[in-house]
Amino acid sequence: MSATRTQIYLQPWQRRRLDEIAGSRGLSLASVVREAVDLYIEKSPVDPTTALKSTFGAAPDAEAPDRGEWTLRSQRLQGGE
């Protein structure tokens, strides 16, 4: 499994409880934290409208090619000119 190293700060009581859970289940602390994050993500779906609103205006200088350029790019990707 490829993973990204992430450092977090926990309250002492959080760390103790996670250590207890990990020990009682024979798992590593990292496994328990990943499981908790998975459960949180599963119960916290992203609302597409909110996500779009939060990024509106994030790149005001962004430029998109005109429709003709998109057509040419599409043709090139499909193997035609």
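**Close-up views of a predicted model**

**View 1. A nonpolar surface patch is formed by V37, Y40 and I41.** Together, these three residues have about 330 Å² of accessible area. The model shown here, as in every view below, is predicted. Y40 belongs to helix α2, which covers residues 29–42. Its relative accessibility is 60%, so Y40 counts as exposed, the cut-off for that class being over 50%.

**View 2. Helices α1 and α2 cross at roughly 105°.** Helix α1 spans residues 12–25, and its axis comes within 9 Å of the axis of α2. The crossing angle makes α1 roughly perpendicular to α2, a class that takes in angles of 65 to 115 degrees. On the α1 side, the contact is made by R15, L18, D19, I21, A22 and R25. On the α2 side, L29, V32, V33 and E35 take part.

**View 3. R15 and D19 are joined by a salt bridge within helix α1.** The N to O distance between the two side chains is 3.0 Å. The two residues lie 4 residues apart in α1, about one turn of the helix. An α-helix has 3.6 residues a turn, so residues three or four places apart point the same way. R15 is partly exposed, with a relative accessible area of 40%. D19, at 35% relative accessibility, also counts as partly exposed. Both R15 and D19 are among the α1 residues that make the contact with α2.

**View 4. A salt bridge in helix α1 links R17 and E20.** The closest N and O atoms of this pair are 3.3 Å apart, and a salt bridge requires such atoms to lie within 4 Å. R17 and E20 are 3 residues apart in α1, again about one turn of the helix. Side chains of opposite charge can pair when their charged atoms come close. Relative accessibility is 46% for R17, which counts as partly exposed. For E20 the value is 47%, and this residue too counts as partly exposed.

**View 5. E69 and R73 form a salt bridge in helix α4.** Helix α4 runs over residues 67–77. E69 and R73 are 4 residues apart in this helix, so about one helical turn separates them. Their closest N and O atoms are 3.1 Å apart. With a relative accessible area of 25%, E69 is partly exposed. R73 is partly exposed as well, at 37%. The count for the model comes to 4 salt bridges, including the one between E69 and R73.

**View 6. P45 lies in the loop between α2 and α3.** This proline has a relative accessibility of 70% and therefore counts as exposed. Along the chain, P45 and A3 are 42 residues apart. The C-alpha atoms of P45 and A3 are separated by 22 Å.

**View 7. Helix α3 lies largely in the open.** The helix has 8 residues, running over residues 48–55. The number of these that are buried is 0, which is why α3 is described as lying largely in the open; a buried residue would have under 20% relative accessible area. Just after α3 comes G57, with a positive phi of about 80°.

Note on methods:
Residues numbered from 1 in each chain as written. Heavy atoms only, no water. Patch = residues over 30% accessible without salt bridge, like charges linked within 9 Å, V, L, I, M, F, W, Y side chains within 5 Å. Areas by Shrake-Rupley, 256 points an atom, 1.4 Å probe, with all protein chains shown as cover. Buried < 20%, exposed > 50% of the residue type's maximum accessible area, 1.4 Å probe, protein only. Axes fitted to C-alpha atoms, helices over the stretch in contact; angles between N-to-C directions. Parallel < 35°, antiparallel > 145°, perpendicular 65-115°, else oblique. Contact = heavy atoms within 4.5 Å.
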